[in-house]
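The exercises that follow are meant to be worked with the sequence and the coordinates side by side. Try each task before reading its solution.

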Amino acid sequence: MRAKNIDTLVLAGLFTRGVVLSTAEAAADLNYRLIVLSDCVADPDAEVNRVLLDKVLPTEADVVDSAQYTRTLNP
């Protein structure tokens, strides 16, 4: 991705505690800017999802909803 000048990743997906979290951690370790779309991720355990979005992922990423993100693309 660096060869293509990609420096920001926007994450969405199922199993916030699995794929989303592990991707965010790996990408943060590689110094990518991260955006997690809060209304585009899910986990079978709603409380785990909430804690990850409110407490864990904000340490590595900007956590915003898709409408907020879309507004940044079309100011």
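A residue is called buried when its relative accessible area is under 20%, exposed when this area is over 50%, and partly exposed in between, with a 1.4 Å probe and protein chains only. The structure is a predicted model, in which local features need pLDDT of at least 70 and side-chain atom pairs count only at pLDDT 80 or more, while totals for chains, interfaces and linings use all residues. Residues are numbered from 1 along each chain as its sequence is written, and side-chain values use heavy atoms, with hydrogens and water left out.

**Exercise 1. The overall fold**

Determine how many helices and strands the protein has, in which pattern they follow one another, and how its radius of gyration stands to the globule rule.

Solution. Helices (H or I, at least four residues) and strands (E, at least two) are taken as DSSP runs and numbered from the N terminus. With that convention, the secondary structure comes to 3 helices and 3 strands, and reading along the sequence gives the pattern β-α-β-α-β-α. The radius of gyration is 12 Å, close to the 11 Å that the globule rule gives for 75 residues, so the protein is as compact as a globular protein of that length; here the radius is taken over C-alpha atoms, and the rule is 2.2 Å times the number of residues to the power 0.38. Along the principal axes, the C-alpha trace spans about 35 × 30 × 20 Å. Of the 75 residues, 29% are buried.

The next step concerns contacts, defined as heavy atoms within 4.5 Å. Among the contacts between residues at least 6 apart in sequence, 73% join residues at least 24 apart.

**Exercise 2. Strand pairing and crossovers**

Establish in which sense strand 2 pairs with strand 1 and with strand 3, and find the handedness of the crossovers.

Solution. Two strands count as paired if DSSP finds at least two bridges between them. Strand 1 (residues 8-14) and strand 2 (residues 33-42) meet this condition with 6 bridges, in the parallel sense. Within this pairing, Leu11 has Val36 of strand 2 as its bridge partner, and Gly13 stands opposite Val41 in strand 2. Strand 2 is also joined to strand 3 by 3 bridges, and these two strands run parallel; Leu37 has Val64 in strand 3 as its bridge partner.

From strand 2 the chain passes through helix 2 to strand 3 in a β-α-β crossover that is right-handed. Likewise, strand 1, helix 1 (residues 16-29) and strand 2 form a right-handed β-α-β unit. The term right-handed applies if, with the strands pointing away from the viewer, the path from the first strand over the helix to the second runs clockwise.

**Exercise 3. The buried side of helix 2**

Identify which residues of helix 2 are buried, and explain why they can be placed on the same side of the helix.

Solution. The buried residues in helix 2 are Asn49, Leu52 and Leu53. They cover an arc of only 90° around the axis, which puts them on the same side of helix 2; the arc is that of the directions from the helix axis to the C-beta atoms. The cover over these buried residues includes helix 1, strand 2 and strand 3 (62-64).

Asn49 can now be examined individually. Helix 2 comprises residues 46-56 and contains Asn49, whose relative accessible area is 13%. With its neighbours within four places in sequence left aside, Asn49 is in contact with Thr16, Val41, Ala42 and Asp43. Ala46, which also lies in helix 2, is exposed, with a relative accessible area of 60%.

**Exercise 4. Ala28 and two positive phi angles**

Decide whether Ala28 is buried or exposed, and then state where Asn5 and Phe15 lie.

Solution. Ala28 is found in helix 1 and counts as buried at 14% relative accessibility. Apart from its neighbours within four places in sequence, Ala28 is in contact with Leu34 and Glu60. The C-alpha atoms of Ala28 and Ala42, which are 14 residues apart along the chain, are separated by 20 Å.

Asn5 lies in the segment before strand 1, has phi near 60°, a positive value in a residue other than glycine, and is exposed at a relative accessible area of 70%. Phe15 lies in the loop between strand 1 and helix 1; its phi is likewise near 60°, and at 44% relative accessibility Phe15 counts as partly exposed.
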